[in-house]
There are 2 protein chains.
Amino acid sequence: MARTRGERGARRVEIVQAATEVIAERGYRGATLAAVAERVGLTQQGLMHHFPTKEALLVAVLEARDQWDMASAALHGRAWPLEVVADLVEYNATRPGIVQAFTVLAGDSVTEGHPAQEFFRGRYAHVREGGAQALRAEYGDRLPGGLSPERAATLLAAVVDGLQVQWLLDPEAVDMPAAFRDFLALLAPPPRPQGTDSAQPGSARTEPERAGPHV
Amino acid sequence: MARTRGERGARRVEIVQAATEVIAERGYRGATLAAVAERVGLTQQGLMHHFPTKEALLVAVLEARDQWDMASAALHGRAWPLEVVADLVEYNATRPGIVQAFTVLAGDSVTEGHPAQEFFRGRYAHVREGGAQALRAEYGDRLPGGLSPERAATLLAAVVDGLQVQWLLDPEAVDMPAAFRDFLALLAPPPRPQGTDSAQPGSARTEPERAGPHV
DNA sequence: GTCTATAACAAGATAGAC
DNA sequence: GTCTATCTTGTTATAGAC
């Protein structure tokens with residue numbers, strides 16, 4: 001049942017990637033089927049053989065890429081270490097296209113009856129859950145400011161998203177990965193300004209050449 | 001030169017409000033002139049007498065409401081106390097419509113050549129500036145985690161925006177004002193869990209009946 | 001599986017009457 | 001200042017040939 005790959009879906013994958021690009025450039029409503037089709041060397045009607053409606057294509061885009069993947073981690077019942085999330089933000093800074101597509105879609109999704117609304121509602125719920133688990137594992141039940149891991153997780157998700165918007169609009173002015181590590185520094189037990197330092201500069205170790213955290 | 005009010009603009013103001021509503025509901029591209037016109041009892045062409053193009057109307061919407069107004073505060077060279085910002089977030093939780101309109105527009109604006117792009121780029125720059133001033137005034141040059149006020153301000157803006165998205169999608173699950181105060185707690189010198197407390201619950205004093213921080 | 005043709009609208013914009 | 005009429009273009013979707 002669960003496919004997306006290994007089927008006859010070579011073409012489908014191509015189309016979904018193209019659709020993601022076009023959405024990034026022009027938003028969901030601005031992304032026309034013709035523009036997507038052209039990018040893969042098809043006519044609009046040729047494309048519609050693979051995706052019968054525009055909304056079907058959107059759903060495929062949403063399913064294909066799970067942004068930071070904290071969500072899927074949470075789904076699997078395992079929380080990611082915060083360091084991995086930081087690396088993920090770093091990796092995202094390398095792929096403006098995908099970040100842009102999901103920023104646009106997330107913004108659009110708050111709109112009345114938007115087809116991606118349920119997706120993003122669920123996604124954030126999962127991210128908050130997964131983030132809370134990660135924070136609890138790392139710092140225990142009591143964080144700086146007296147926050148619970150749950151409440152801190154809400155902030156964590158907000159920071160990741162909010163930084164993306166600022167970074168996309170002005171990459172020169174906003175160092176997204178550094179800013180995210182700043183937030184992590186806020187969450188780390190503050191007493192030792194020198195000591196444990198687990199979230200300082202230069203935390204890019206996982207090779208940036210990997211297939212990618214997205215999938 | 002600078003008008004927007006006091007002119008013959010009674011009708012213009014009506015139209016701009018209607019446009020904000022429609023944008024909130026359907027996004028910028030989805031907001032048709034006809035829909036806006038209908039809301040104020042005009043035909044599409046009647047509306048275009050006041051705003052010759054759709055983009056002109058968008059500009060008016062952008063100018064009219066300066067979201068949290070931290071931006072305009074920064075423009076005037078005065079930083080707002082953080083407590084006022086917290087009240088602003090609280091007030092925003094009361095006006096989902098405007099928050100939604102600006103969330104949609106901000107998301108849209110990262111799109112290629114979007115007419116609101118310059119607006120939001122400038123807005124965030126001002127917000128970061130104003131936020132940094134406010135943070136410096138409140139906490140000095142060195143914040144928890146070793147952050148500078150400038151870097152903390154970037155996070156502050158990200159938190160406000162990111163929380164809005166989560167809150168709009170799921171108001172039951174996310175208490176936006178409380179979450180924002182959580183973030184402020186992270187920034188407040190943590191040593192005293194009881195002492196100075198300037199950002200604790202129940203900080204809603206400016207009468208909620210005021211004309212509103214927006215304008 | 002991909003194409004051509006085309007239906008069926010919807011949108012922003014212009015011209016000009018009242 | 002607001003309306004009717006209309007142009008033009010763009011967009012999703014269907015039908016059916018190859």
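Student: Which residue forms a salt bridge with Glu14(B), and how far apart are the closest N and O atoms?

Tutor: A good place to start! This is a predicted model, and in it the partner of Glu14(B) is Arg11(B), with the closest N and O atoms 3.0 Å apart. Both residues belong to helix α1 of chain B, which covers residues 10–30. They sit 3 residues apart, about one turn of the helix.

Student: Are Glu14(B) and Arg11(B) buried or exposed?

Tutor: To read this, look at the relative accessible area: under 20% is buried, over 50% is exposed, and values in between are partly exposed. Glu14(B) has 36%, so it is partly exposed. Arg11(B), with 30%, is partly exposed too. Salt bridges can also share partners: Glu21(A), Glu25(A) and Arg39(A) are joined into one network that way.

Student: How many salt bridges does the structure hold over all chains?

Tutor: There are 18 over all chains. One of them pairs the side chains of Arg181(A) and Glu90(A), at 3.0 Å from N to O. Arg181(A) lies in helix α10 of chain A and Glu90(A) in helix α6 (residues 82–92) of that chain, so the pair ties together parts that are 91 residues apart in sequence. Arg181(A) is buried, with a relative accessible area of 13%, while Glu90(A), at 25%, counts as partly exposed.

Student: Let me turn to the two chains together. How many residues of chain A are in contact with chain B?

Tutor: Here you count residues on each side: 46 residues of chain A are in contact with 46 residues of chain B. There is another way to describe an interface, too. Its size is often given as the accessible area lost when the parts come together.

Student: What is the area buried between chain A and chain B?

Tutor: The value is about 4,000 Å², and carbon and sulfur atoms give 64% of it. On the chain A side, Val110(A), Leu169(A) and Leu186(A) lose the most area to chain B. Together these three make up 18% of what that side buries.

Student: And how many salt bridges are there between chain A and chain B?

Tutor: The count is 4. Among them, Arg151(B) and Asp182(A) meet through their side chains, at 2.9 Å from N to O. The interface also has 14 residue pairs in polar contact, with both residues at pLDDT 80 or more.

Student: Which helices of chain A supply at least two residues each to the side that touches chain B?

Tutor: Find these five in the structure: α1 (10–30), α7 (96–109), α8 (117–139), α9 (149–169) and α10 (176–187). Of these, α9(A) gives the most, with 12 residues. Sorted by class, the side of chain A that touches chain B has 24 nonpolar, 12 polar and 10 charged residues.

Student: How many residues does α9(A) have, and how far does it reach?

Tutor: A helix can be checked by comparing its span with the expected one. α9(A) has 21 residues and reaches 30 Å from its first C-alpha to its last, close to the 30 Å expected at 1.5 Å a residue. This helix is mostly covered, with 19 of its 21 residues buried.

Student: Where do Arg128(B) and Asp170(A) lie?

Tutor: Their side chains meet in a salt bridge, at 3.9 Å from N to O. The pair crosses between chains: Arg128(B) is in helix α8 (residues 117–139) of chain B, and Asp170(A) is in the loop between α9 and α10 of chain A. Arg128(B) counts as buried at 10% relative accessibility, and Asp170(A) counts as buried at 18%.

Student: What about Gln164(B): is this residue buried or exposed?

Tutor: At 2% relative accessibility, Gln164(B) counts as buried. Its place is in helix α9 (residues 149–169) of chain B. Try finding Thr103(B) as well: 61 residues separate it from Gln164(B) along the chain, yet their C-alpha atoms are separated by 7.3 Å.

Student: To finish, how many helices and strands does chain A have?

Tutor: Chain A has 10 helices and 0 strands. Of its 215 residues, 52% count as buried. You can also ask how far apart in sequence the contacting residues are. Among the contacts in chain A with a separation of 6 or more, residues 24 or more positions apart account for 67%.

Methods: Residues numbered from 1 in each chain as written. Chains lettered and ligands numbered in written order. Predicted model: local features only at pLDDT ≥ 70, side-chain atom pairs only at ≥ 80, totals over all residues. Heavy atoms only, no water. Contact = heavy atoms within 4.5 Å. Buried area = accessible area lost by both parts, 1.4 Å probe. Polar contact = N/O pair within 3.5 Å; in protein donor to acceptor, adjacent residues only side chain to side chain. Helix = DSSP H or I, 4+ residues; strand = E, 2+ residues; numbered from the N terminus. Nonpolar A, V, L, I, M, F, W, Y, C, P; charged D, E, K, R; others polar. Expected span 1.5 Å × (residues − 1). Buried < 20%, exposed > 50% of the residue type's maximum accessible area, 1.4 Å probe, protein only.
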